[in-house]
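The exercises below ask you to read features from a protein model, and each is followed by a worked solution. Keep the sequence and the coordinates open while you work.

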Amino acid sequence: MATVSKQQAAGSRAPGSRAGRRKASADEPADDEQPGRARSTTGDLLNLVEQLSNFDRIGVTRLARHLGVPVPTAYRMLRALERAGYVEQLAESKEYRLTLKLFELGSRVVSRTTLRDLAAVEMERLAQQSGLASNVSVLVDGDVLYLAQVKTEELLAVNLTPGSRAPATCTAMGKAMLAVEFREVRAVVGPGPYPRRTENSITSYEGLVAELAEIQRVGYAVDRQELNLGVWCVAAPILGVRQTQPAAVSVSAYRPHLDDAEEERLGNLVIAAASRISDRLGGLGNMVSW
């Protein structure tokens, strides 16, 4: 059996020795390397999952090219997700796709009492009263996250399905939520300039602040073809949801123009719907999930 002198052993453990660096690299990254590496690996895996959701199935080479990573890196990540049950490889084509495990996890979350559950009845009523599609959403990282939608035959041109996002600054629901946000608007959406989705989008901080003041005055917000040309949206904030998670309800109309009388009528309808949803929330505001 080979023996190692105490001096050699000490040298191999010395912080500056080549052997010491090699051991730290192989078994446990140095303190200044480990956090960044962990974040990178986790971020890459989550990004891969999100990108896979855009494909029914995809090969590793094409996926690597889509992600901008080497093929071996994409393969290792796929194998890790496959072992965890989130990804499966098709036997014939050798392509990969997401499994239903994410659906299972999401279903467990949805099974809890949610804002979407409490708003469902009022969304149906609002859609019937207005004859327009109704939506409910929350504010996440400066975006509107759509939670649920009641469709009608009125609106066929826009597909803002549950789970999709849009910039808060150019949507009625986003502006309605910003108008009641306890945080300063810059802390939520930044100082601008904001995304220009159409020629009508509000892109300046000054313009947004002026718009929010008007929303606070009348109680509802209007998207005047700011997200999609031809689409008007009227929304009101839902009060009583936990302070850090603003919510809103809206109706959407496909129109070349929305006159003042119709805008006010829809504004009153969404205010009433938002008020009834708030009443349903009652004291559950801080315990209700999305």
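**Exercise 1.** State how many helices and strands the protein has, and what share of its residues is buried.

*Solution.* The protein has 11 helices and 8 strands, where helices (H or I, at least four residues) and strands (E, at least two) are DSSP runs numbered from the N terminus. The model is a predicted one, in which local features need pLDDT of at least 70 and side-chain atom pairs count only at pLDDT 80 or more, while totals for chains, interfaces and linings use all residues. Residues are numbered from 1 along each chain as its sequence is written, and side-chain values use heavy atoms, with hydrogens and water left out. Of the 290 residues in the protein, 41% are buried; buried means under 20% relative accessible area, exposed over 50%, and partly exposed in between, with a 1.4 Å probe and protein chains only.

**Exercise 2.** Describe the surroundings of Ala-64, beginning with its place and ending with the residues it touches.

*Solution.* Begin with the element: Ala-64 is in helix H4, residues 60-67. Next comes accessibility, and because its relative accessibility is 2%, Ala-64 counts as buried. Then list the contacts (heavy atoms within 4.5 Å): leaving aside residues up to four places away in sequence, Ala-64 touches Val-69, Pro-70, Val-71 and Ala-74. Lastly, the C-alpha atoms of Ala-64 and Tyr-75, which are 11 residues apart along the chain, are separated by 8.2 Å.

**Exercise 3.** For Lys-94 and Asp-141, give the value of phi, the loop and the accessibility class.

*Solution.* Lys-94, a residue other than glycine, has a positive phi near 65 degrees, and its place is in the loop between strand E1 (87-89) and strand E2 (96-98). With 51% relative accessibility, Lys-94 counts as exposed. Asp-141 is not a glycine either, yet its phi is positive at about 55 degrees; the residue lies in the loop between strand E3 (133-140) and strand E4 (143-150), and it is exposed, with a relative accessible area of 68%.

**Exercise 4.** Which residues lie nearest the centre of the second largest pocket, and which elements help to line it?

*Solution.* On a 1 Å grid over the protein atoms alone, a cavity is a set of points where a 1.4 Å probe fits but cannot get out, whereas a pocket is an open set with protein on both sides within 12 Å along at least five of seven lines, and lining residues have an atom within 4 Å of a point. The second largest pocket is lined by 13 residues, and Gly-219, Ala-236, Pro-237, Leu-239 and Ile-271 lie nearest its centre. Two or more lining residues come from each of helix H8 (172-180), helix H10 (205-218), strand E7 (231-238) and helix H11 (260-281).

**Exercise 5.** How many cavities of 30 Å³ or more does a search of the whole structure find, and what lines the largest cavity?

*Solution.* The search finds 2 cavities of 30 Å³ or more. The largest cavity has a volume of about 110 Å³, a volume being the space filled by probe spheres set on the grid points, which are joined across faces, edges and corners. It is lined by 14 residues, of which Tyr-146, Leu-160, Asp-223, Leu-227 and Cys-233 are the closest to its centre. The elements that give two or more residues to this lining are H8, E7 and strand E8 (247-254).
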